[in-house]
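Work through the exercises below with the model open beside you. Try each task before you read its solution.

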Amino acid sequence: MDDLFSPNVMRWVLLAVLAAPLAFAAVLAVGGGNPRVARRLAGLFAALHVGLTAWVVIPAAVMIAEYGAMNNGEAYKHFRPVFVPGDTGDGQEHRTAWSLFFVGKPTPNAPPPAVQFYIGLDGINVWLVALTSLMTFIAVAVSWGFAQERAGGYFAWLFVLQSAVTGAFLSFDVILFYVFFELTLIPAFFLIGGWGVGGGKRDAARKFFLYTLFGSLLSLVGLVGIVLTNPTPPGGWRNNTQSLKQDRGTLSFNVNDLMRSTVRISIEHEYAIADAGVKLEQAKPLDQSGRDSAEAELAKAKAARDGYKSTQFWLFFLLVAGFVVKVPLVPFHTWLPAAYAEAPPAVTLLLSALLAKLGTLGLLRIVIPLCPHMAVEYGLPVFGTLGAIGIVYAAFCAYAQKDVKMMAAYSSVSHLGLLALGLFALNPEGLTGAVLHMVNHGLTAGGLFAVIAILYDRYRTTDMTQLGGLMARHPALAFFTFVICLAGVGLPGLNNFVSEMMLIGALFTPWNAAAMGYGLAVAAAAGIFLSAWYTFTMLRSVFFGPVRTPALAADAPPPDLSGREVLAVGLIAALCLALGLYPQPVVDVVKGDVAVVAQTLKHARRVVNPDLADAEDRQSGMEQQPISVNPTLIPAGGRGGPPAGGPGGPPRMPQQPPR
Amino acid sequence: MTPLSNQAFVDHLTASVRFVLPEVALVGVACLLFTLAALRCSRSLAMAVALLGVVGAGVIAILVPEPVGQVNPALAPIDPTGAASFIRWLALVAAAVYVLLGWADTRTDTPAEYHACLLVAAAGVSLVGRANDLVSLFLALEMLSIPTYVLLYLPSRTRTGQESAMKYFLLSVLSSAVLLFGFSYLYGLAGSTNLHVIVTTLASAAPHKELDPAVSPLAVVAMVLVIAGLGFRVAAVPFHFYAPDVYEGGPTGVVAQLAFLPKVAGFVALARLLGVMSAHGGGLPYDTQHTLIPLTLWVVAVVTMSFGNLLALLQDNLKRLFAYSGIAHGGYMLIGVLVACTAPPASADQSGSDALLFYLVAYGLMTVGAFAVLAHLSAPDQPVETVDDLAGLGKTNPLAAAALAVCLFSLIGLPLTAGFVGKLQLFLAAFQVPTDTKMKSLFQVLTVIAVVNAAVSAVYYLRIVGVLYLRAPFRPARPTRTSPQLVAAVVCAAATLVLGMYPQPFADLTRKAAPVVAAR
């Protein structure tokens with residue numbers, strides 16, 4: 001029995017979680033001619049996959065939580081994925097030996113840099129992988145009546161989409177991530193274009209594909225640039241005495257190496273400047289040539305630092321492009337209304353519950369760790385502001401919609417704006433809240449779209465003007481809808497409350513005047529209020545009042561939920577409740593790897609804005625001193641006065657992760 | 001002293017016959033085919049003979065050893081090192097695919113002539129890869145051009161076909177003249193027609209000009225003329241005007257050749273003249289210490305890809321669309337030429353020349369695959385000309401539609417296709433050029449421009465994919481038949497996927513073929 005859960009087996013199970021949907025898709029594409037057979041097969045496969053995922057996710061979560069507890073408040077320097085296929089050295093290395101593609105030629109000392117098949121589970125992605133499997137199962141369950149025509153192809157593409165999304169969540173290699181990220185486009189294109197429910201489905205599919213592709217191609221250049229400007233030091237990580245000047249080092253494509261390189265390179269630039277500064281001070285006043293050379297060295301070091309910074313600046317904006325389109329943040333969301341409206345309801349479910357998370361996960365896994373300095377400098381002012389604008393704008397758009405599906409679409413944009421805003425607060429509360437909110441938003445938004453799919457199945461419309469009083473006709477559906485909607489608006493005791501409060505709490509960081517100064521938290525709080533407004537308006541119009549249904553369904557009132565549908569929405573409602581009442585186990589798993597990102601950001605903050613870093617340290621009680629960049633960079637204390645904003649933040653949440 | 005009194009030179013001249021035996025075999029089979037043509041040979045016989053000729057040339061290439069070590073590049077007119085054997089195998093495989101593709105075009109009464117011309121053209125491409133002398137290089141390029149004139153004319157019984165053949169002929173002759181003019185300057189500068197000597201002379205001459213840091217102005221003029229002459233072959237803007245018209249009027253199989261073979265020949269010739277893709281390498285005469293030639297290539301690359309993509313957006317005719325698409329991809333490949341010839345990479349980095357070779361092959365697979373599908377679908381009574389003619393192909397002809405879709409996704413550059421790996425290598429190569437040269441960060445800017453172009457190109461490729469799968473067919477479904485063209489299309493699509501999913505072995509081949517030239 002023990003063997004079944006040994007890491008060696010788990011690695012293969014993890015691979016199976018990634019590859020099995022492709023096999024399912026192949027079977028369905030070949031043998032799915034009959035819709036009745038196809039949907040049963042699809043249901044069976046999706047359930048199997050949930051079992052497979054549970055087999056690997058639960059032990060992984062236990063293991064990750066243990067790692068998180070083991071590190072004694074000291075964050076690791078890199079993510080520690082477990083169950084990495086091709087792990088070198090007995091699972092302790094957390095890296096893989098499976099190289100896909102070598103770039104360049106081998107050097108005498110090292111193998112050539114390689115794009116690797118580097119996947120694994122860590123605190124950030126483990127729940128998202130579980131969410132993917134679950135949501136695909138629910139999408140299949142609510143597509144039961146929808147897929148009559150070419151059912152085999154429909155379910156096959158659903159599984160291909162699942163595989164691509166899972167792959168992107170699992171990837172720790174930037175190019176591998178990009179590959180899976182792009183591959184989601186093909187199934188989504190065919191699902192929207194081929195099985196869409198509106199007249200403009202082909203245009204919607206193309207728009208979706210092209211917008212996302214445009215953004216992600218820019219991200220590809222950003223990734224290439226990040227890889228090229230952040231080589232791994234020649235002597236490996238242990239050998240910190242090696243300096244940049246001697247050897248450029250080897251390229252690496254994995255997130256862990258890149259994240260450590262970017263911290264290290266910026267620190268070395270600061271060291272070089274400080275060194276030169278000290279030399280200049282020590283040079284004798286009359287030693288003109290000595291002063292000149294010291295000055296030249298200082299100027300050179302500064303130029304090198306500025307060059308690196310300006311490169312990072314451009315790379316940050318290139319990198320972020322693909323993800324803000326995918327999330328989407330507000331000015332880049334214009335593909336979304338068409339795609340969500342025209343897609344089959346179950347596909348809209350996946351778009352909102354899973355594909356949007358690719359964007360936010362990309363921000364958290366790729367953009368923030370690999371460009372930490374620019375994220376500190378521009379994250380909140382630029383993308384936080386966009387997020388805040390999006391929260392309010394999309395909330396008003398949601399209120400204005402006449403179609404339940406469109407309301408849910410804009411509501412999704414609004415909530416994701418909040419997620420991005422909290423994420424760019426760049427403190428542990430915000431990052432943890434963001435990871436948690438990815439899961440919670442997946443459940444609530446996914447649940448709402450599942451309800452919409454069920455409604456569409458009954459009435460072939462989701463127009464609020466044509467639907468009313470459904471409470472009387474479908475009491476069970478109404479009950480679950482209420483639970484899911486209440487979770488969506490953040491009622492205490494349900495899941496969204498926890499993560500939304502963490503995200504808003506992150507904006508009230510007393511040490512970060514910048515976060516307060518923009519009044520972003522006000523927008524976030526307003527968003528929660530507005531979300532209650534439009535959600536309850538929708539509920540009143542659709543579920544209360546006199547019964548109103550479209551003519552075609554009038555003579556034979558459709559039944560209430562079937563057992564299969566109760567399972568689908570009931571599962572979501574139950575999870576919403578469970579995560580709302582007792583989120584601590586989930587947070588425990590998340591916190592270890594979030595601390596890795598937070599640590600990177602701390603280093604970045606010390607380089608970008610030493611005052612802020614000091615304020616942060618004071619606030620956290622000087623528990624630990626992060627590695628000091630240079631004595632000259634850390635003011636002797638008290639410079640800049642007490643942190644603006646003061647201790648006037650809101651009461652901290654009980655779920656706040658320990659630092 | 002005449003060259004003939006130099007015994008080493010004469011020895012090298014004699015020995016070089018050994019290095020062109022497969023090409024001789026190809027031309028020999030072509031002569032046989034021309035003879036058969038007089039006897040009214042059937043198209044299956046012509047096809048069989050041509051395929052046998054290609055296979056025979058391949059066998060000779062394997063069996064005859066090439067004593068590479070004995071070649072002195074400063075004397076030999078044929079240099080079998082560097083990319084030479086890579087290009088030879090590329091030409092042979094391409095010839096085999098084109099023979100299959102020619103099935104549709106040889107319905108007329110000239111199948112033997114068609115295949116004979118094809119073999120001569122393939123021999124020409126192969127020779128471009130190994131020519132080490134201005135004269136042999138020019139002859140190799142003409143060996144490619146002249147059969148193409150005939151090929152364009154042979155199956156064309158229509159006015160537009162004849163017009164396109166005539167247009168190609170006149171412009172091609174003009175470009176050859178420009179190229180020769182440039183060659184004459186190179187000869188004048190170096191005092192030799194040997195490529196190795198020319199490159200070495202120019203590369204070693206430049207550092208003496210510390211006070212006036214520019215390569216000899218004459219060398220720049222020569223190179224601009226060469227770029228103009230070869231720009232016609234690779235359909236670089238502004239030498240691209242013939243492409244859409246000729247593609248539209250030409251027979252599909254020939255157009256597929258026109259889309260690929262001249263590009264191979266043009267890029268390889270350009271790279272050789274600029275000093276890379278030979279194992280001996282005489283240095284880089286036009287590196288980033290001087291901006292004139294790098295900047296010229298930069299501008300040509302940017303204009304070529306942008307024009308190609310923007311104009312392709314407006315096309316409804318499939319062949320015109322692929323003409324502009326080919327122009328745009330030529331622009332991407334120019335990035336490879338530019339990086340390879342102006343910025344030698346550090347030891348462990350991605351080099352521009354193997355990225356160029358990889359992209360050439362990837363481009364060939366996806367474009368020829370797409371043309372093969374068109375050739376398969378076209379029937380004399382029901383030609384496939386516009387994008388709308390492909391409506392609903394996913395239902396009526398799933399295999400052909402799938403092959404075309406794979407090629408289109410590869411042209412977009414989606415992962416798991418050869419197009420993605422090719423683009424990734426090009427971007428890596430261009431982005432890592434140091435920014436402290438005189439070109440500043442222009443290479444990085446170029447990468448971003450290329451990426452924006454790739455996104456624009458997705459618009460028109462995706463439109464075709466949408467038409468294939470998301471529209472109802474408005475033509476009656478024909479009974480599916482297997483044709484040699486379909487075989488060629490499936491082979492190309494499958495190879496595209498294989499190169500995309502497991503590129504390592506092939507990338508190793510390109511790396512071996514494109515040795516890195518050290519900076520001077």
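**Exercise 1. Chain B as a whole**

Task: Find what share of the 520 residues in chain B is buried, and decide whether the radius of gyration of chain B agrees or disagrees with a compact globule.

Solution: Keep in mind that this is a predicted model.

Step 1. Count the buried residues. They make up 63% of the 520 residues in chain B.

Step 2. Take the size. A compact globule of 520 residues would have a radius of gyration near 24 Å. Chain B has 22 Å, so the two agree.

Step 3. Look at the box. Along the principal axes, the C-alpha atoms of chain B fill roughly 75 × 55 × 40 Å.

Step 4. List the secondary structure. Chain B has 20 helices and zero strands.

Step 5. Check the contacts. Take those in chain B between residues at least 6 apart in sequence: 81% of them join residues at least 24 apart.

**Exercise 2. Where the chains touch**

Task: State how many residues each chain brings to the contact between chain B and chain A.

Solution:

Step 1. Count both sides. Chain B brings 26 residues and chain A brings 28.

Step 2. Assign the chain B side to helices. Helices H17 (418-431), H18 (442-470) and H20 (504-513) of chain B each supply at least two residues. H18(B) gives the most, with 11 residues.

Step 3. Sort the chain B side by type. It holds 18 nonpolar, six polar and two charged residues.

**Exercise 3. One residue in H20**

Task: Classify Asp508(B) by its surroundings.

Solution:

Step 1. Locate the residue. Asp508(B) lies in helix H20 of chain B.

Step 2. Count its neighbours. There are 13 other C-beta atoms within 10 Å.

Step 3. Apply the cut-offs. Buried needs 20 or more, and exposed needs 12 or fewer. Asp508(B) therefore counts as partly exposed.

Step 4. Look across the chain. Phe358(B) is 150 residues away along the chain, yet its C-alpha atom and that of Asp508(B) are separated by 9.9 Å.

**Exercise 4. Two helices in chain A**

Task: Describe how helix H8 and helix H9 of chain A cross.

Solution:

Step 1. Recall what is needed. Two packed helices are described by the angle and the distance between their axes.

Step 2. Read both values. The axes of H8 (residues 255-282) and H9 (residues 288-326) of chain A come within 8 Å and cross at roughly 160 degrees.

Step 3. Name the arrangement. Angles over 145 degrees count as roughly antiparallel, so H8(A) is roughly antiparallel to H9(A). Their crossing is left-handed.

Step 4. Inspect the contact. Among the residues that meet are Ile265(A) and Leu280(A) from H8(A), and Arg291(A) and Tyr308(A) from H9(A). The contact divides into 10 nonpolar, two polar and six charged residues.

Definitions and conventions:
Residues are numbered from 1 along each chain as its sequence is written. Chains are lettered from A and ligands numbered from 1 in the order in which they are written. This is a predicted model: local features need pLDDT of at least 70, side-chain atom pairs count only at pLDDT 80 or more; totals for chains, interfaces and linings use all residues. Helices (H or I, at least four residues) and strands (E, at least two) are DSSP runs, numbered from the N terminus. The radius of gyration is taken over C-alpha atoms; the globule rule is 2.2 Å times the number of residues to the power 0.38. Two residues are in contact if their C-beta atoms, placed from the backbone, lie within 7 Å. Ala, Val, Leu, Ile, Met, Phe, Trp, Tyr, Cys and Pro count as nonpolar, Asp, Glu, Lys and Arg as charged, and the others, Gly among them, as polar. Axes are lines fitted to C-alpha atoms, for helices over the stretch in contact, and angles run from 0 to 180 degrees between N-to-C directions. Angles under 35 degrees count as roughly parallel, over 145 as roughly antiparallel, 65 to 115 as roughly perpendicular and the rest as oblique. A crossing is left-handed if the near helix is turned anticlockwise from the far one by less than a right angle, and right-handed if clockwise.
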